[in-house]
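This briefing covers fold, confidence, surface and one record annotation, in that order after an opening question. Please look through the model below before reading on.

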Amino acid sequence: MADRDRDPDRNQPQEIRLLHPPPHYRQTGPSTTQIVAVLTLLPVGGSLLALAALTLTGTLIGLSIAIPLFIIFSPVIVPATIAISMAVAGFLSSGAFGLTGLSSLNYGLKRMIRANAGAGVGKGQAKRGMWDMVGYVGQKTKDVGQKMENKAHEGGGAVRT
């Protein structure tokens, strides 16, 4: 009890610290940087919006002219589109299959070299082993193709080469 009587600051209110400043200290309007940014970007945005509107108008006019032509020439355009899309798909799939084959061969060669590195097998021998494997796979593929062709000829001759 003697301690309470001796401490004069005990009954004084304690200081409260605010996390946020009072509202009258807050900035009420936009800063100069924000004003300059808006004034700079407003003409740019407006001109881009105008270009978008012109592009849309041009597209609609072009479509209104082209749609009747597409309808008139559709017996020619549709088969041509199908043929071109099939050719593009063929080229793309051919490239994808070729790339897959090359990457598979590369993977196999690297794996064979890595596996035989500890056994004292040189790169030349690993390459020969890989080429032997490639030859075997090629011959097997030819055999399977020949079997399929023979079965097609036996089945009624639907496939002609």
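In which helix is the place of Val76? Val76 lies in helix H3. The model is a predicted one, and its mean pLDDT is 76.

**Val76 and the nonpolar patch**
- The relative accessible area of Val76 is 58%, and Val76 is therefore classed as exposed, the cut-off being over 50%.
- Val76 belongs to a nonpolar surface patch of about 790 Å².
- The other members of this patch are Ile61, Ile65, Leu69, Phe70, Ile72, Phe73 and Ile77.
- Two helices, H2 (32-72) and H3 (74-117), each contribute at least two residues to the nonpolar patch.
- Of the contributors, H2 gives the most, with 5 residues.

**Fold and surface**
- The protein contains 4 helices and 0 strands, and its pattern along the sequence reads α-α-α-α.
- Of the 161 residues in the protein, 2% are buried.
- About 14,500 Å² of the protein is exposed, and 66% of that area comes from carbon and sulfur atoms.

**Annotated segment**
- The unreviewed UniProt entry carries the annotation "transmembrane region" for residues 77-102.
- In the model, residues 77-102 are 100% helix and 0% strand.
- The C-alpha atoms at the two ends of residues 77-102 are 37 Å apart.
- Ile77, a member of the nonpolar patch, is at the start of the range given by the annotation, 77-102.

**Confidence**
- A pLDDT of 70 or more is reached by 73% of the residues in the protein.
- Among the elements, H2 has the highest mean pLDDT, 87, and helix H1 (residues 2-6) has the lowest, 55.
- The pLDDT is below 50 over residues 157-161, a stretch that has 5 contacts in the model beyond near neighbours in sequence.
- Where pLDDT is low, predicted coordinates should not be read in detail.

Key. Residues numbered from 1 in each chain as written. Predicted model: local features only at pLDDT ≥ 70, side-chain atom pairs only at ≥ 80, totals over all residues. Heavy atoms only, no water. Patch = residues over 30% accessible without salt bridge, like charges linked within 9 Å, V, L, I, M, F, W, Y side chains within 5 Å. Areas by Shrake-Rupley, 256 points an atom, 1.4 Å probe, with all protein chains shown as cover. Salt bridge = Lys/Arg side-chain N within 4 Å of Asp/Glu carboxyl O. Buried < 20%, exposed > 50% of the residue type's maximum accessible area, 1.4 Å probe, protein only. pLDDT = per-residue confidence, 0-100. Contact = heavy atoms within 4.5 Å. UniProt positions renumbered as here; feature names shortened; annotations may be inferred.
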